[in-house]
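Reader: I am new to protein models. Could you show me how to read one, step by step?

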Amino acid sequence: MPVPWEALIPFGLLTTMFGAAGTLFNVSTRYQNQGKPPRYHIDRWDDMMMGRDERLTGHKRGQTDNPVAPTEFSTNSVYYTERT
């Protein structure tokens, strides 16, 4: 039974395109998360901590090791921005 060599070209193209799309999606996701892997299974506690980190640093994945919060953090609350 002969091997259909002409079927290998589309197979190679599809494999390359799926690999390139997956790699670009991974790079895009890591760039948006400041080089960190994406978070899975986020519960309420993680959501609140991401909100706090966003108010402290300006990005939801940013973290700071400064023990003293900035002065604007005292009036920067999530309750002022939410509507009830």
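Author: We go from the overall layout to single residues. Keep in mind that this is a predicted model.

Reader: Where do I start? How many helices and strands are there in the protein?

Author: Begin with secondary structure. The protein has two helices and zero strands. Helix α1 covers residues 8-32. Helix α2 covers residues 44-57.

Reader: What can a record add here?

Author: A record can label a stretch of sequence. UniProt, in an unreviewed entry, puts a "transmembrane region" at residues 7-27. Now compare the label with the model. Residues 7-27 are 95% helix and 0% strand. The C-alpha atoms at the two ends of this span are 31 Å apart.

Reader: Next, the surface. What share of the residues of the protein counts as buried?

Author: Of 84 residues, 8% are buried. The accessible surface of the protein totals about 7,800 Å². Carbon and sulfur atoms account for 62% of that surface.

Reader: Which residues form a nonpolar patch on the surface?

Author: Look for nonpolar side chains that sit together on the outside. Here the patch consists of Val3, Trp5, Leu8 and Phe11. Together they offer about 480 Å² of accessible area.

Reader: Take Leu8. Why does Leu8 count as partly exposed?

Author: The class depends on relative accessible area: under 20% is buried, over 50% is exposed, and partly exposed lies in between. Leu8 has 45% relative accessibility, so it counts as partly exposed. Leu8 belongs to helix α1.

Reader: And Asp53: buried or exposed?

Author: Use the cut-off again. Asp53 is at 7% relative accessibility, so it counts as buried. This residue is part of helix α2.

Reader: What is Asp53 in contact with, leaving aside neighbours within four places in sequence?

Author: Setting those neighbours aside shows what else packs against a residue. For Asp53 the list is Gly58, His59, Lys60, Gly62 and Gln63. There is also a polar contact: the side chain of Asp53 meets the side chain of Arg52 at 3.0 Å.

Reader: Loops next. Where does Asn33 lie?

Author: Asn33 sits in the loop between α1 and α2. Its relative accessibility is 11%, so Asn33 counts as buried. Not counting residues up to four places away in sequence, Asn33 touches Pro38 and Arg61.

Reader: One last step. What about contacts across the protein?

Author: Check how far apart in sequence the partners are. Take contacts between residues at least 6 apart in sequence: 24% of them join residues at least 24 apart.

Note on methods: Residues numbered from 1 in each chain as written. Predicted model: local features only at pLDDT ≥ 70, side-chain atom pairs only at ≥ 80, totals over all residues. Heavy atoms only, no water. Patch = residues over 30% accessible without salt bridge, like charges linked within 9 Å, V, L, I, M, F, W, Y side chains within 5 Å. Areas by Shrake-Rupley, 256 points an atom, 1.4 Å probe, with all protein chains shown as cover. Salt bridge = Lys/Arg side-chain N within 4 Å of Asp/Glu carboxyl O. Helix = DSSP H or I, 4+ residues; strand = E, 2+ residues; numbered from the N terminus. Buried < 20%, exposed > 50% of the residue type's maximum accessible area, 1.4 Å probe, protein only. UniProt positions renumbered as here; feature names shortened; annotations may be inferred. Polar contact = N/O pair within 3.5 Å; in protein donor to acceptor, adjacent residues only side chain to side chain. Contact = heavy atoms within 4.5 Å.
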